[in-house]
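The following exercises are to be worked with the sequence and the coordinates at hand. Each task is followed by a stepwise solution.

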Amino acid sequence: MAPGMAWLWLVLGGLFEVGFTTCLRNADGFRNLPWTLGFLVSVGLSMLLLEWAARVIPMGTAYAIWTGIGALGTVIVGIIFYAEPATPVRLLLILGFLLATLPVASHLLARAAVREGGLAQAVDAAEFVSNTDWDGTPD
């Protein structure tokens, strides 16, 4: 599987995690059948997509980002749809999550793209330039 697809599966899995936490909130102890079915489908898809992503992305990284997407999304859904408080502390924690995880994800995605050849020519050119003397001959 291409690294880009793994990241897509991971993000979708995280979004399904938001779906299952939202469904769980409305399932009423699993007595509300539509919300219970939504929960079961969402949790199954979320776990499946996490497993697919973890075939390419290191499990620790995949799990951290998957849970982060779920936690962040659940907080946002709570604030928007359930009138949960948007306190400065909550908003700072959301910002902290984004600042902590986005660089990790972008770094791993860039490294994977280089390994897959997406940026290989650019890297080869940069290495050639850095290993070439001013007169144009390789070191």
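A nonpolar core is a set of buried Ala, Val, Leu, Ile, Met, Phe, Trp, Tyr and Cys residues joined through side-chain atoms within 4.5 Å. Buried means under 20% relative accessible area, exposed over 50%, and partly exposed in between (1.4 Å probe, protein chains only). The model is predicted: local features need pLDDT of at least 70, side-chain atom pairs count only at pLDDT 80 or more, and totals for chains, interfaces and linings use all residues. Residues are numbered from 1 along each chain as its sequence is written, and side-chain values use heavy atoms, without hydrogens and water.

**Exercise 1.** Determine which residues make up the largest nonpolar core.

*Step 1.* The core has 10 residues: Ala6, Trp7, Leu10, Leu50, Ala53, Ile57, Ala62, Ile65, Trp66 and Ile69.
*Step 2.* At least two of these residues come from each of the helices H1 (3-26), H2 (33-53) and H3; helices are DSSP runs (H or I, at least four residues) numbered from the N terminus.
*Step 3.* H3 contributes the most, with 4 residues.

**Exercise 2.** Compare the span of H3 with the expected value.

*Step 1.* H3 covers residues 59-81, 23 in number.
*Step 2.* The expected span is 1.5 Å times one less than the number of residues, which gives 33 Å for H3.
*Step 3.* From first to last C-alpha, H3 reaches 32 Å, close to that expectation.

**Exercise 3.** Locate Ala83 and state whether this residue is buried or exposed.

*Step 1.* Ala83 lies in the loop between H3 and helix H4 (88-116).
*Step 2.* Its phi is positive, near 55 degrees, in a residue other than glycine.
*Step 3.* Ala83 counts as exposed because its relative accessibility is 67%.

Methods
Helices (H or I, at least four residues) and strands (E, at least two) are DSSP runs, numbered from the N terminus.
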